[in-house]
Amino acid sequence: MEIGKKIKAGDIRAASRLIRDIEDSIPEAKFTIKHIFPYTGKAQVVGITGSPGAGKSTLVDGLVEANRKRNRTVGVLAVDPTSPFTGGATLGDRIRMQRHAEDPGVFIRSLATRGSLGGLSKAVGDAIHVMDAMGKDIILVETVGTGQQEVEIINYAHTVIVVLVPGMGDEIQAIKAGIMEIADIFVVNKSDREGAGKLQRELMAMLDMSPVAAGGWRPPIVTIGNSFKPEEFEQDIGKLSARIHEHYEFLVSSDLIGDRLRRKTMHELNEALRSSILEPVLNMLVSTGELDRMVEKLLKKESDPCSLAEEVARKYLQECI
Ligand SMILES: Nc1nc2c(ncn2[C@@H]2O[C@H](COP(=O)(O)OP(=O)(O)O)[C@@H](O)[C@H]2O)c(=O)[nH]1
Ligand SMILES: [Mg+2]
């Protein structure tokens, strides 16, 4: 059977192998993913981002549980560019997730960083496609908020949840890093800690000052208490689930879902163009030593970057110029 059909039919081994090949940038994976594309576009994708230790995995675990209770199948993708050695998942994550291991309605994988240009971003998009083609109703994507990486989650998710913790001193940094602009829902996590009220007030004040987003959605703030008190935690997760659902309904009813889809598609096409056009040209320039010669020229002020790029374009992209 052709791989796309295999994955659609629920072949877990085929799906796992493909995700591993995507992560390892195996060239064949690029061709395989073409067969997956027709089966994608049905899943609801939710991004969960925040600093390391903010409690994202604990929340994801709670959301898996909540969705399974409603009989929805779940994909979980943990993206951790800071952790190439563990494949993105900490030991704690693995132990925690083990209770879902026997459940065929849950599929959990992790992705670590790849060095190549735009590599991680493309891998995330492709791995989401695989879980989507598997027919998962909801896909939870956990990303660490440490720079550019997490902002990209907006290109893949219908709903982005930004997780903050009182007293970690990361509130202001998060605002600076532009993470606030991408939030559809805020979670004030571990809210039994000191400073939760202050953090919530700061967030409110910030939202009051922010321009109203398209369609008039104001990101709600969900406070989540102590995950070690199961009943309380379950209730709070219930509230978060409800907000996720509301946001999705809002996207559909306001037709903003079309805009998100367009942005997602555009981003994906950009990534594909980059890997089909820019990467081979760059590889060629590197392997022939041309790139080094260009740098030398620039250092000696014999040319400028724009003129050199135009020269390359004339050589390799004749039809466009
Ligand atoms: N006190 C407290 N600790 C928590 C809570 N939720 C998670 N933790 C702990 O915080 C640590 C990091 O949690 P984790 O979910 O792995 O965070 P991640 O790095 O954002 O995925 C773990 O040791 C958790 O047990 C909470 O609500 N209260
Ligand atoms: Mg985690």
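Which residues does Ile-257 touch, not counting residues up to four places away in sequence? The first point below takes this up, and the later ones turn to the ligands and to Lys-34; the model is a predicted one.

1. Leaving aside residues up to four places away in sequence, Ile-257 touches His-158, Tyr-248, Leu-251 and Val-252. Ile-257 itself belongs to helix α11, which covers residues 256-287. Of these contacts, the one with His-158 joins positions that are 99 residues apart in sequence, and yet the two C-alpha atoms are 7.5 Å apart in space.

2. The magnesium ion, written as ligand 2, is coordinated by the OG atom of Ser-57 and by an OE atom of Glu-142, at 2.1 Å. This pair links distant parts of the chain, given that Ser-57 sits in helix α4 (residues 56-69) while Glu-142 sits in strand β4 (residues 138-144), 85 residues apart. Both Ser-57 and Glu-142 are buried.

3. The surroundings of ligand 1 comprise 15 residues, of which Gly-53, Gly-55, Lys-56, Ser-57 and Thr-58 come nearest. Helix α4 gives the most to this shell, contributing three residues. Sorted by class, the shell around ligand 1 holds three nonpolar, eight polar and four charged residues.

4. Several polar distances to ligand 1 can be inspected individually. An oxygen atom of the ligand is 2.9 Å from a polar backbone atom of Gly-55, and a polar side-chain atom of Ser-57 likewise lies 2.9 Å from an oxygen atom of ligand 1. For Glu-142, an N or O atom in the side chain is 3.1 Å from an oxygen atom of ligand 1. As to overall cover, the protein hides 73% of the 580 Å² of accessible area that ligand 1 has on its own.

5. Points 2 and 4 share two residues: Ser-57 and Glu-142 coordinate the magnesium ion, and the side chain of Ser-57 also has a polar atom 2.9 Å from an oxygen atom of ligand 1, whereas the corresponding distance for the side chain of Glu-142 is 3.1 Å. A reader who inspects either ligand may therefore wish to display both residues.

6. Is Lys-34 buried or exposed? Lys-34 counts as exposed because its relative accessibility is 54%, where the cut-off for that class is over 50%. Lys-34 lies in helix α3, which spans residues 27-36. Its C-alpha atom is separated by 8.4 Å from that of Gly-4, a residue 30 residues apart from Lys-34 along the chain.

Definitions and conventions:
Residues are numbered from 1 along each chain as its sequence is written. Chains are lettered from A and ligands numbered from 1 in the order in which they are written. This is a predicted model: local features need pLDDT of at least 70, side-chain atom pairs count only at pLDDT 80 or more; totals for chains, interfaces and linings use all residues. Side-chain values use heavy atoms; hydrogens and water are left out. Helices (H or I, at least four residues) and strands (E, at least two) are DSSP runs, numbered from the N terminus. Buried means under 20% relative accessible area, exposed over 50%, partly exposed in between (1.4 Å probe, protein chains only). Donors are N, O and S atoms within 2.8 Å of the metal (3.2 Å for Na, K and Ca); water is not among the atoms, so sites may look incomplete. Contact means heavy atoms within 4.5 Å. A residue is near a molecule or strand if one of its heavy atoms lies within 4 Å of it. A polar contact is a pair of N or O atoms within 3.5 Å; within protein, one must be able to donate a hydrogen and the other to accept it, and residues adjacent in sequence count only if both atoms are side-chain atoms. Accessible areas come from the Shrake-Rupley method with a 1.4 Å probe; for residues, only the protein chains shown count as cover. Ala, Val, Leu, Ile, Met, Phe, Trp, Tyr, Cys and Pro count as nonpolar, Asp, Glu, Lys and Arg as charged, and the others, Gly among them, as polar.
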